[in-house]
Amino acid sequence: MSAPPVRGLVLAGGRSSRMQRDKAALAYRGVSQLEQAWQLLGRHVGEAFISVRPDQRSEPLRAALPQIVDEHTDLGPLAGIIAAQRRHPDSAWLVLACDLPFLD
């Protein structure tokens, strides 16, 4: 039996309610946290996606990247993981949050 493909998922569908502004859009080292997470993840997987809520699909920061849209509400990060697993049930997933600027 061969190993499943490893795909990547950046969790970027949060509401940032405590921060009161979009954490994914915060700039760190000249790029948004989402872009930084996307670039890091892309170095380790063959295919990657960002997890978004349905109302975020057309936001400029997120619209430029391959998306997996949450199917459930009020599940937090789990909504993105469930949607990813449903879309590619044969895959293993490397998942990271969009707001980890010190992750290398």
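**Which residues does H88 touch, not counting residues up to four places away in sequence?** H88 touches R7, F49 and W93, where a contact means heavy atoms within 4.5 Å. H88 itself sits in the loop between α3 (77-87) and β6 (92-97). With a relative accessible area of 15%, H88 is buried; buried means under 20% relative accessible area, exposed over 50%, and partly exposed in between (1.4 Å probe, protein chains only). Before we move on, please note that this is a predicted model, in which local features need pLDDT of at least 70, side-chain atom pairs count only at pLDDT 80 or more, and totals for chains, interfaces and linings use all residues. Residues are numbered from 1 along each chain as its sequence is written, and side-chain values use heavy atoms, with hydrogens and water left out.

**The whole protein combines 3 helices and 6 strands.** Helices (H or I, at least four residues) and strands (E, at least two) are DSSP runs, numbered from the N terminus. Follow the chain along its sequence and you will meet the pattern β-β-β-α-β-α-β-α-β. The radius of gyration is 13 Å, close to the 13 Å that the globule rule gives for 104 residues, so the protein is as compact as a globular protein of that length. Here the radius is taken over C-alpha atoms, and the rule is 2.2 Å times the number of residues to the power 0.38. Along the principal axes, the C-alpha atoms fill a box of roughly 45 × 30 × 20 Å. Buried residues make up 38% of the 104 residues. Among contacts with a separation of 6 or more, 64% are between residues 24 or more positions apart.

**R62 pairs with D22 in a salt bridge.** Their closest N and O atoms are 2.8 Å apart; a salt bridge is a side-chain nitrogen of Lys or Arg within 4 Å of a carboxyl oxygen of Asp or Glu. R62 lies in helix α2 (residues 60-63) and D22 in the loop between β1 (6-11) and β2 (27-28), so the pair ties together parts that are 40 residues apart in sequence. R62 is buried at 1% relative accessibility, whereas D22 is partly exposed at 27%.

**R62 also has E59 as a salt-bridge partner.** In this pair, the closest N and O atoms are 2.7 Å apart. E59 is partly exposed, with a relative accessible area of 28%.

**R53 and D55 form another salt bridge.** Look for their closest N and O atoms, which are 3.0 Å apart. R53 counts as buried, having a relative accessible area of 12%.

**R7, E47 and D90 are linked in a network of salt bridges.** R7 has already appeared as one of the residues that H88 touches. In total, the structure holds 7 salt bridges. As a rule, side chains of opposite charge can pair when their charged atoms come close.

**S58 is an exposed residue in a loop.** You can find S58 between β4 (47-52) and α2. Its relative accessibility is 63%. S58 and Q36 are 22 residues apart in sequence, and their C-alpha atoms are 20 Å apart in space.
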